[in-house]
Amino acid sequence: MPELNLILLGPPGSGKGTQGERLQEDFRLPYYATGDILRAAVKEGTEIGNQVKEFMDRGDLVPDDVIIGVIAERLQQEEAADGFILDGFPRTVPQAEALDSKMKELKREMMAAILIDVSEDEVLRRLGGRRTCEQNPGHIYHVEFDPPKQEDVCDIDGGKLLVRDDDKPEVIKNRLAQYKEKTEPLTAYYEERGILNHVDGSESPDEVEEAIHGILATLRREEEEGM
Ligand SMILES: [Zn+2]
């Protein structure tokens, strides 16, 4: 069985996290969202985890080689023997190159980078429509997809519904611009290596999931047939 070593790419609002969780369940693969595995390493207090902690405590960005160290530690665990899903790293070409050389060292290979494509308008519609409860930020609604019974009022506790700063159009546009600037060269990098796969992220989560399954089935078949 070829290893399902996967990278998930997509702009904020693309549903990447949802797909990562579904892939994790469907294929029983570990899902490594960068922030989560960094926090886990700190908690476990491994040598590299302690390094991560030092940067985080100082409020500094964790350097690429340290992040790669954390990822490498994960990839060598039994749970990742048949594959893994990376989300949130790499974000830039130098990070992708560094990850590739680490993978080589570990005698492994990326099978696919899956890019969930979503238009800017769709991202604005998805993220811009979110409303968060003032009383409890865990109570989240969407003006279009999941509206409260009464406009701008939380169904659960009657709290006022607000647009979080992160969900304001100018902030979303800024995040998208940053994503585009960094990720476009990254997708070109994986395209050149012949492992980039596009999925139409404007479809429903079920349809996106099905499309990803289709891609992985084809890739597995190709590898098994030695193509
Ligand atoms: Zn509420």
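This briefing walks through two sheets, a zinc site and a buried arginine. The model is a predicted one, so please read every value below as computed from it. One sheet has five strands with parallel pairing, and another has three strands with antiparallel pairing. A zinc ion has protein donors from C133, H139, C154 and D157, and R108 sits in a loop between α5 and β4.

**The five-strand sheet**

- Reading across this open sheet, the strand order is β2-β3-β1-β4-β8, and the pairing is parallel.
- At its edges stand β2 (31–33) and β8 (196–200), each of which pairs on one side only.
- From one strand to the next, the twist averages 25 degrees.
- Within the sheet, β1 (residues 4–9) joins β4 in the parallel sense, with four bridges between them.
- As a handy landmark for that pair, L8 stands opposite I114 in β4.
- Helix α1 (residues 16–27) packs on this sheet and touches β1, β2, β3 (83–87) and β4.
- The direction of α1 makes about 165 degrees with that of β1.

**R108 and its surroundings**

- You will find R108 in the loop that links α5 (93–105) to β4 (112–117).
- R108 counts as buried because its relative accessibility is 14%, which falls under the 20% limit for that class.
- Two backbone oxygens lie by its side chain: that of L75 is reached at 2.9 Å, and that of A80 lies 2.7 Å from a polar side-chain atom of R108.
- Leaving out residues up to four places away in sequence, R108 touches E3, N5, L75, A80, A81, G83, F84 and M103.

**The three-strand sheet and helix α6**

- This second open sheet has the order β6-β5-β7, with antiparallel pairing.
- Because β6 and β7 stand at the edges with a single partner strand each, one side of each has no neighbour in the sheet.
- Between β5 and β6 there are three bridges, again in the antiparallel sense.
- Here T132 stands opposite I140 in β6.
- Helix α6 (residues 120–128) lies across β5 and β6, and runs at about 20 degrees to β5.
- The residues E122, V123, R126 and L127 of α6 are buried.
- Viewed down the axis of α6, these buried residues fall within an arc of 115 degrees, so they line one face of the helix.
- What do the buried residues of α6 pack against? Their partners are β5, β6 and α7 (169–192).

**The zinc site**

- The protein donor atoms are C133 (SG), H139 (ND1), C154 (SG) and two entries for D157 (OD), lying 2.1 to 2.6 Å from the zinc ion.
- Along the sequence, the donor residues follow the spacing C-x5-H-x14-C-x2-D.
- C133 belongs to strand β5 (residues 130–133), while D157 lies in the loop between β6 (140–142) and β7 (161–162), so this pair ties together parts 24 residues apart in sequence.
- Are C133 and D157 buried or partly exposed? C133 counts as buried because its relative accessibility is 3%, whereas D157 counts as partly exposed because its value is 33%.

Note on methods
Residues numbered from 1 in each chain as written. Predicted model: local features only at pLDDT ≥ 70, side-chain atom pairs only at ≥ 80, totals over all residues. Heavy atoms only, no water. Helix = DSSP H or I, 4+ residues; strand = E, 2+ residues; numbered from the N terminus. Buried < 20%, exposed > 50% of the residue type's maximum accessible area, 1.4 Å probe, protein only. Polar contact = N/O pair within 3.5 Å; in protein donor to acceptor, adjacent residues only side chain to side chain. Contact = heavy atoms within 4.5 Å. Donors = N, O, S within 2.8 Å, 3.2 Å for Na, K, Ca; no water. Pairing = 2+ DSSP bridges. Axes fitted to C-alpha atoms, helices over the stretch in contact; angles between N-to-C directions. Arc of directions from axis to C-beta.
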